[in-house]
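This briefing covers strand pairing, the nonpolar core and the surroundings of the ligand in one structure. The points are grouped by topic below.

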Amino acid sequence: MADAERIAELRLALLGEHSSNAIYSRLRRDAPSRAIELTRDQLAREHEAMFVATKGQRVVGVLRCIDQRGHRLLRPARFALISTVYVEPAVRRQGVLRSLMEAAVGWSRERGLTEMRLQNAIDNPLALAAWDALGFRVVEQIRLRPI
Ligand SMILES: CC(C)(COP(=O)(O)OP(=O)(O)OC[C@H]1O[C@@H](n2cnc3c(N)ncnc32)[C@H](O)[C@@H]1OP(=O)(O)O)[C@@H](O)C(=O)NCCC(=O)NCCS
């Protein structure tokens, strides 16, 4: 909980890197204060966890993992949903995401989960490369149409 403000900063930086995306570019004006409140709420939940990577005292990366209920007609009943993944530019390509994922896999297995899922922006080449490298295959698309 002591890292909430810093985590909120990182999640805003994550959105800042999606400034041309159709969904994630539409930042609310009060997003900075909402980000702190949202982060505190999420940190307090029992069925999810935020993993942080530190360099010295500084939090340089974050990854959120949720014990998520699956579709009621399908197996598995629950899966691990990965969200809010960000590593500071200065420490990228040094295995920070790999370490965060390792921690999330351990947490998920301890809870009996056997599968991970996530969404990524189609126009984010870093995310595409990283998730491919970490073994996530594409199984669904999100489409958007203004009405
Ligand atoms: C995507 C991101 C989290 C990766 O974090 P990272 O700590 O740099 O990742 P790692 O160093 O653990 O890299 C893991 C693997 O992903 C692949 N990868 C990561 N960045 C890459 C890049 N820029 N180009 C090509 N492959 C890349 C590599 O295969 C890498 O393994 P390798 O270095 O042994 O070859 C980071 O670039 C980031 O925060 N980007 C902006 C936010 C974002 O895209 N978040 C994900 C939203 S879904």
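In this predicted model, I82 stands opposite L118 in β4. That pair belongs to the parallel pairing of β3 with strand β4 (residues 116-118), which has three bridges. I82 also appears in the pairing of β3 with β2, where C65 stands opposite I82, and among the residues of the largest nonpolar core that touch the most other members.

**Strand pairing**

- Strands β1 and β2 are antiparallel and are paired over eight bridges.
- Within this pairing, V52 lies opposite V62 in β2.
- The two strands β1 and β2 form a hairpin with two residues between them. In the turn, G56 has a positive phi of about 65°.
- Strand β2 (residues 58-69) is joined in turn to strand β3 (residues 78-87) by eight bridges, and these two strands run antiparallel.
- Besides the pair of C65 and I82, I66 has L81 in β3 as its bridge partner.
- In a regular strand, side chains alternate between the two faces of the sheet.

**Crossover**

- A right-handed β-α-β unit is made by β3, helix α3 (residues 96-110) and β4.
- The two strands of this unit, β3 and β4, pair in the parallel sense.

**Nonpolar core**

- The largest nonpolar core has 23 residues, of which L63, I82, L100 and A104 touch the most other members.
- Two or more residues each come from α1 (4-16), β1 (48-55), β2, β3 and α3.
- Strand β3 gives the most to this core, contributing six residues.
- Leaving aside residues up to four places away in sequence, A104 touches F51, L63, C65, A80 and I82.
- Two of these contacts, L63 and I82, are named together with A104 among the core residues that touch the most other members.

**Ligand surroundings**

- There are 19 residues around the ligand, and R92, V96, L97, A129 and A133 come nearest.
- The elements giving two or more residues to this shell are β3, α3 and α4 (125-133).
- Helix α4 gives the most, with five residues in the shell.
- By class, eleven residues of the shell are nonpolar, four are polar and four are charged.
- Both β3 and α3 give two or more residues to the shell around the ligand, and both also give two or more to the largest nonpolar core.

How values were computed. Residues numbered from 1 in each chain as written. Predicted model: local features only at pLDDT ≥ 70, side-chain atom pairs only at ≥ 80, totals over all residues. Pairing = 2+ DSSP bridges. Helix = DSSP H or I, 4+ residues; strand = E, 2+ residues; numbered from the N terminus. Right-handed = clockwise from strand over helix to strand, strands pointing away. Core = buried A, V, L, I, M, F, W, Y, C linked by C-beta atoms within 7 Å. Buried ≥ 20, exposed ≤ 12 C-beta atoms within 10 Å, placed from the backbone. Contact = placed C-beta atoms within 7 Å. Near = placed C-beta within 6 Å. Nonpolar A, V, L, I, M, F, W, Y, C, P; charged D, E, K, R; others polar.
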